[in-house]
Structure formats: structure tokens, C-alpha cells
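User: I am new to reading protein models. Can we go through this one step by step?

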Amino acid sequence: MLCVASGGREGINKPPHNRTSTAADKSCSISHFLEAEDKMENAFAPISEACVKALSDKTYDKRKVAALEIEKMVTDFKMKKNMTQIKRIIDVLSRDFVRSNDANKKKGGLIALAATSIALGKDTEKFIEDIVNPIMNCLIDNDNRVRFFASESLYNVVKVARGAVLPFFPSVFNALSRLVTDPDQTIKNGSEILDRLLKDIVIESSQTFDLDAFIPLVRERIMVKSSFARQFIISWISVLNAVPEINMVVFLPEILHGLFQILEDPLPEIQRMCESLLAQFLKIIKQDPSAADIPTMTNVLIVQAQSSNPLIQFYAITWIKEFVQLSGGEILCFASGIFTAILPCLAFESDAKKNIKDCANAVNLHLLELISSGEDKQKNLSYLDLNSVMEVLRQYLVHSPVPTKIAVLKWVHHLFTEVHDEMSEHANKLFPVLLRDCLSDSSDEVVLQAIVVLAEIVNSATVKGNDFDQTQYRQFLVELLNLFSENNTFLEKRGTLIIRQLCRLLNAEYIYRTFAEILLEERINLKIASTMVRTLNMILLTTSDLFDLRNMLHDIRNEKSASLFECLYKCWAHCPVSTLSLCLLAQCYQHVSEIVTLFADIEITVDFLVEIDKMVQLIESPIFASLRLALISHSNDNADAQHLSRALYGILMLLPQTEAFHLLNNRLKCVPNYWSQPNKISSKSTNESQCNIKFDELFTYFKYVQDLHHQKRVEKRKKNQF
């Protein structure tokens with residue numbers, strides 16, 4: 001045989017030229033052909049040649065008939081327990097058909113493998129790897145029909161194998177995740193059937209299902225943008241979450257970010273599926289908070305709450321609100337991050353974002369309660385990182401909408417109220433922001449709230465028993481005056497509002513005394529000094545909050561009142577009419593008449609006349625009721641009444657015949673005619689004589705300051721000429 005074969009090969013390769021074909025040569029060739037044919041037949045054994053040919057046919061029906069023949073063969077071998085031949089059939093189908101480059105062979109092999117599995121039944125488990133792996137390779141084939149038959153074949157195998165396929169779950173899941181996005185609709189439909197089957201099997205085997213292997217698969221695919229892939233992922237998570245034996249909440253931190261991203265899907269049905277799943281998870285967490293990793297998820301939620309997508313933002317803040325209620329004080333360790341997320345939301349105005357704003361407000365209120373709650377206050381505060389919180393709050397005090405700024409200011413005030421010792425180190429950093437940004441804000445509400453905070457800072461730093469440290473007031477008011485001096489418009493528009501609020505919240509006497517002391521040092525910008533005095537004087541004469549301060553100045557016989565009067569007088573000297581008003585308030589009528597006489601030597605400007613006009617209007621107000629009564633009083637031997645009457649007549653003579661002139665003139669017509677009485681007024685009868693104030697020195701100082709203002713005006717005119 002070997003010789004014949006060898007000789008035959010030599011004859012085929014190099015036929016001799018001087019020989020003719022003999023019977024022996026012909027016999028060798030036939031033998032060689034039969035041997036080759038036998039080898040070919042054995043290569044597909046135990047599958048017959050006809051079956052092989054039918055499996056490779058281009059028509060589905062012939063391939064189907066061949067597959068049924070293989071199913072029958074496998075059934076027979078199974079009955080005979082001839083597993084070797086079955087293994088042989090599977091190997092042939094895998095090697096020569098499914099892995100072939102011929103599409104028809106692939107299709108035939110896929111159908112045949114499914115038929116083999118059907119015949120094996122439960123015994124498929126013994127050959128599961130050899131059957132599944134070749135099919136899986138065809139799921140990524142370029143030919144649509146091959147992919148379809150592969151998915152159909154895999155379905156039939158999984159249907160038979162059931163739990164035996166779970167060791168290959170990652171591979172099958174990967175394949176499914178691709179099939180659901182396949183451009184061929186028939187393949188998509190087939191993948192959905194396979195998907196449902198696989199879910200049923202996982203539910204059946206929930207106790208043995210490897211969640212640790214499943215979660216990484218979800219995590220890798222949950223960020224995809226395809227709506228079909230997102231639907232696939234959500235459906236799997238929902239199914240597993242519904243199984244009592246499976247605790248998906250444990251793995252939620254790993255997939256929570258991806259779930260929130262799915263909320264932005266353009267398809268409403270995908271959004272609804274995701275919303276439902278998130279609601280299920282939140283319900284489970286609320287039932288058993290200890291089973292959830294709330295800290296890790298809170299970090300995820302803080303990021304999602306800053307999304308530009310309203311739906312994502314709403315659900316993230318909703319979850320944060322629930323976590324704040326569930327965690328109590330422990331959530332305060334995330335306060336800075338939560339503030340970053342919710343504070344901008346407080347400024348939402350559109351109806352579309354109203355639910356987000358309401359939810360953010362609820363979170364804000366819950367956090368405030370945690371800081372101030374009685375028994376748990378100290379414990380809660382131990383979780384609060386004050387440095388990071390204050391850093392965030394300071395940032396939102398600048399370039400933020402009004403509602404956000406107000407919320408931040410209320411937080412700062414709350415912290416100073418509750419933990420003023422710990423907050424003291426943050427005061428220096430807050431002051432510039434509060435003064436330069438908040439007090440200059442266009443919103444009155446922001447300005448007023450900023451003053452509340454500033455007042456609390458000053459109070460918390462200065463209260464010593466029942467007294468105050470005026471040094472702190474001075475430092476604060478110096479900064480405020482600097483701000484006024486840098487911006488005249490700011491002083492005109494907001495000066496009154498700010499000072500009135502400060503007087504409500506702080507000690508009004510110290511506010512006025514300190515302002516006066518600071519302005520006394522002003523020698524360069526006299527205009528600012530006079531403007532500030534006019535503002536302070538108008539507030540003093542018109543604000544109900546300064547009722548007690550006005551009453552104090554009414555009685556300068558009191559040493560404390562006299563001290564305040566002298567301090568204010570020296571400052572008020574920058575503005576003649578304000579000085580006059582202050583003296584009228586303090587009932588220094590003799591000194592008033594002396595000042596009015598001096599007005600003859602003072603430059604009468606338009607501003608001066610406007611101020612006189614305003615003062616006349618004020619004389620008719622309730623604040624100066626005592627002044628009007630003093631005009632007809634017989635006390636002090638009529639001394640005060642006569643000095644006051646002459647002073648008012650002097651003011652009347654200074655006024656042009658305007659409405660103010662007629663108003664004051666009508667008032668004086670009701671006063672007794674003191675001019676007909678002898679000019680014998682005892683100096684010991686006046687109010688001034690009953691106090692320790694040296695009015696002569698004050699008068700001299702008043703003239704000195706007015707001379708300074710006159711010199712400044714002259715210098716300014718000279719500069720303007722050139």
C-alpha cells in the first residue's frame with residue numbers, strides 16, 4: 001500500500017515519457033481516489049455526506065431537514081449513551097460549519113447546534129461550552145441573516161439549558177446588549193424574546209445568580225447614549241430589584257450616576273421607566289436606611305443636582321431632601337456640597353422649575369433645623385466642616401441672584417447666632433464681601449439682610465456682659481464710611497437705609513457717637529463730612545427707631561446727654577443747618593439765636609436754603625412739638641421762649657418768600673409778641689445755664705469749621721477758573 005501510494009505519487013508528479021499506462025497503474029489511481037473519498041466522509045462522521053450537503057444548502061428548508069436529521073442522530077446516541085459521538089457531531093458542526101466563511105454553512109451549523117441541544121435536553125449542560133461559544137461568535141457576524149439565526153439558535157439552547165447557561169451569563173449579556181441596538185429589526189425582535197427568557201432563568205436561579213459579576217456589566221454599559229441600550233439596562237435592573245432574594249440597593253452607588261443620566265433620554269417612555277426605577281429604590285431606602293450607602297450616594301447626588309437638565313436636577317435634589325431627613329446630623333458633613341447644589345436653585349423663577357425651587361427650599365430649611373435643634377445640636381455640629389461651608393457661602397455672596405444671596409446671608413447669620421465662637425475666625429474674611437458687595441447690591445432686601453449679618457458679627461464680637469466694646473464699632477463704621485466716601489451716589493441712595501437698619505440692630509447712641517468721632521478727624525474731604533452729617537441729622541430727626549436717642553438729647557442737663565451733644569455738635573459743625581437742628585432738638589435756644597445771627601456772615605448757597613426749607617417743614621412735625629410749645633412757655637422767665645422766637649424770626653428773614661417762609665410766618669403769628677417786651681433776659685434762666693456744656697467754645701469751634709469749608713470752596717473756584 002505504501003509502495004503503491006508512493007509510486008502513485010511519483011507517477012502523478014513526474015510521469016515517465018517512455019512508459020504507457022498499465023492495468024496496475026489504473027488500479028493504484030482508483031484506490032487512491034476511494035481512499036480520499038473515504039477520508040472526506042470520515043471528516044464529517046458520524047454526519048452523512050447527504051446531511052452535510054443539505055446543511056450547506058442555500059435554502060432554509062433543506063437546512064432545516066438536515067438539522068432534524070442531526071437531532072434524530074443525537075437522540076439515538078443519547079439513548080445509547082454514546083457521548084463520544086455526540087461530542088464528535090458538535091465539534092464538526094462548530095469547526096466545519098459555524099466557523100466556516102460560507103454564510104450558508106454558518107446558518108446550517110447554527111440550526112444544527114440548536115437541534116443538538118434540543119435532542120440533548122438536560123444533558124446539554126455537559127456540552128454547554130462547546131455549543132454556546134460558537135453561537136456567540138456568530139452574533140457579531142457582518143451578515144444580518146447569520147446574526148438572526150445565531151440569536152434564534154442561542155434562544156433554543158438557553159431554553160433547553162436554562163440554569164446551566166448562567167456560567168456564561170456575562171458573555172450572553174454582552175451579546176444581548178449589542179443585539180438590542182442592532183439595525184435589523186428582526187434581530188431586535190429576536191433579542192427581546194431571548195432577553196425575556198434569560199430574565200426568567202435568572203429569577204429562577206436568584207439565589208445562585210452572581211450579582212458581583214453582573215454589576216460591572218451594568219456599570220460598563222449604563223452610560224451609553226442609545227435609547228434601546230438604556231431600556232435594556234433599566235429593564236434588567238428593575239427585574240433584579242423586584243426579586244426578594246436580591247438586594248440591589250447594596251450596588252446602587254455604582255450605578256446611580258448612570259441611572260440619573262438616563263433621565264435625559266429623549267424618549268419619554270425611557271424617562272418614565274427610569275423615574276419608576278428610581279422611585280422603587282428610594283422607597284426601599286426609606287424603609288431600611290441602614291442597608292444603603294447614603295454617604296457615597298450623596299456625593300453622586302450633589303453632582304447630579306448641578307445638572308442643566310431640569311428632570312435630573314429635580315430628582316437629585318428630591319433624593320438629597322430624603323437623605324437629609326433619613327440621616328439627620330450626619331448629612332452635615334456634606335453641607336458644603338449640598339449648598340453648592342441647592343443655593344442656585346433658590347433663585348429659579350419659571351413655572352417649569354418651581355418644583356426644583358420648592359424642593360431646594362425644603363432641603364435648606366431641614367439643614368437649618370439640624371444646626372439649631374436642641375438636644376442634638378452639639379452632636380450635629382460635630383459633623384459640620386465650617387471652613388468648607390463658609391468658603392462656599394462666601395462664593396455665593398458675589399455675582400449670585402437675589403434669592404440665593406438672601407439665603408446665604410441668613411445662613412451666615414444663623415451660624416453666627418448658633419456657633420459665634422467658631423465663626424469669629426471667619427469674620428475678617430466676611431467683612432469685605434459684606435461691605436463691598438452686599439451693601440452695594442441693587443436689592444434692598446439683600447442690603448438689609450447684610451446689615452443684619454454685620455450687626456450680628458459686631459455684637460457677637462463686642463458684647464462684654466451688658467456693655468459694648470466701642471473699638472469694634474469704630475472699625476466697622478470706618479470701613480462703612482470709606483465705602484460712602486468712595487461712592488457719593490451709594491451714600492445718597494443707600495446711606496439712609498443702611499444707617500437706619502444699623503440703629504435698629506445696634507446701639508444707636510454708640511453708632512452716632514462713633515460716626516461723629518470718625519468724622520471729626522475728616523479734614524481733607526469736607527464735602528463728604530457735610531453730606532454724611534446731613535444724612536445722620538435727617539435720620540435722627542425723622543426715624544421712629546431713634547426716639548430714645550432724641551429724648552436723651554432733649555435733656556442736656558444729664559451728664560451723659562451733654563457728652564453726646566458735645567460730640568455730635570463738633571461733627572455737626574460741618575453743616576450749619578444740621579447744627580441748628582441739633583441745638584433746637586437739645587432745646588439750646590439761646591445758642592440757636594447766636595448761630596442764626598452768625599448766618600449773616602456765612603455764604604448763603606442754594607443747598608443752604610434747601611436745608612433751611614426742610615428744617616422749617618420738620619418744625620411742623622410731631623418731633624418738634626415740644627419746640628412749638630416752648631414758644632408760649634412761661635418757664636425760665638420766658639427766657640427760652642424769647643430766644644427761640646427771635647431765632648425763628650431770624651430764620652424767617654433768611655428765607656425767600658417761598659412756601660416755607662409762609663409756613664413759618666403763619667406759625668410765628670400764633671406766638672406772643674416778645675419784641676415789645678424789654679430785652680432783659682437773665683442768662684441764668686436758660687437751658688444752657690443749667691448744664692456744664694461750654695457753649696462759647698462750641699461756638700468758636702463752629703466758626704472754625706465753617707471757615708475751613710469757606711476756604712475749600714474758594715480753592716475749588718480758583719481751580720475751576722484755570
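User: Among contacts in the chain between residues at least 6 apart in sequence, what percentage join residues at least 24 apart?
Analyst: First, a caution: this is a predicted model. Take the contacts between residues at least 6 apart in sequence. The share of them that joins residues at least 24 apart is 72%.

User: How many helices and how many strands does the chain have?
Analyst: The chain has 722 residues, and 50% of them count as buried. Its secondary structure holds zero strands. The helix count is 37.

User: How much area does the chain expose?
Analyst: Carbon and sulfur atoms supply 51% of the exposed area. The whole chain exposes about 34,900 Å².

User: Which helix gives the largest share of the largest nonpolar core?
Analyst: The largest nonpolar core has 249 residues. Trp-319, Leu-415, Leu-439, Tyr-512 and Phe-565 touch the most other members. The largest share of this core is nine residues, and they come from helix H24 (residues 444-462).

User: Which two domains does this core lie between?
Analyst: Look at who gives residues to the core. Two domains both do, so the core lies between them. They are domain 1 (43-205) and domain 2 (470-720).

User: Which residues does Trp-319 touch, not counting residues up to four places away in sequence?
Analyst: Trp-319 is one of the core residues that touch the most other members. Leave out residues up to four places away in sequence. Trp-319 then touches Leu-252, Leu-256, Phe-260, Leu-278, Phe-281, Leu-282, Ile-285, Met-297 and Leu-301.

User: Is H12 largely enclosed or largely open?
Analyst: Helix H12 (residues 227-241) has 15 residues. Its reach is 21 Å from first C-alpha to last, close to the 21 Å expected. Its buried residues pack against helices H9, H10, H11, H13 and H14. Eleven of the 15 residues are buried, so H12 is largely enclosed.

User: Is Ala-242 buried or exposed?
Analyst: Ala-242 sits in the loop between H12 and H13. Its C-alpha is 9.4 Å from that of Ile-203, which is 39 residues away along the chain. The cut-off for exposed is over 50% relative accessible area. Ala-242 has 59%, so it counts as exposed.

User: Which helices do the buried residues of H35 pack against?
Analyst: The 16 residues of helix H35 (residues 639-654) should span 22 Å, and the end C-alpha atoms are 23 Å apart, which agrees. H35 is mostly covered, with twelve of its 16 residues buried. Among them are His-643, Leu-644 and Ile-651. The buried residues pack against H31, H32, H33, H34 and H36.

User: Which residues is His-591 in contact with, leaving aside its neighbours within four places in sequence?
Analyst: His-591 is found in helix H32 (residues 589-598). It has a relative accessible area of 1%, so it is buried. Leaving aside neighbours within four places in sequence, its contacts are Tyr-569, Cys-583, Glu-688, Phe-695 and Phe-699.

User: Why is Cys-359 in no disulfide?
Analyst: The structure holds zero disulfides. A disulfide needs two cysteine sulfur atoms within 2.5 Å. Cys-359 is in none because its nearest cysteine sulfur, that of Cys-345, is too far for that cut-off. The distance is 9.1 Å.

User: Which cysteine is exposed, Cys-359 or Cys-670?
Analyst: Cys-359 has 5% relative accessibility, so it counts as buried. The other residue has 58%, so it counts as exposed. The exposed one is Cys-670.

How values were computed:
Residues numbered from 1 in each chain as written. Predicted model: local features only at pLDDT ≥ 70, side-chain atom pairs only at ≥ 80, totals over all residues. Heavy atoms only, no water. Buried < 20%, exposed > 50% of the residue type's maximum accessible area, 1.4 Å probe, protein only. Helix = DSSP H or I, 4+ residues; strand = E, 2+ residues; numbered from the N terminus. Contact = heavy atoms within 4.5 Å. Areas by Shrake-Rupley, 256 points an atom, 1.4 Å probe, with all protein chains shown as cover. Core = buried A, V, L, I, M, F, W, Y, C linked by side-chain atoms within 4.5 Å. Domains from an automatic or database assignment. Expected span 1.5 Å × (residues − 1).
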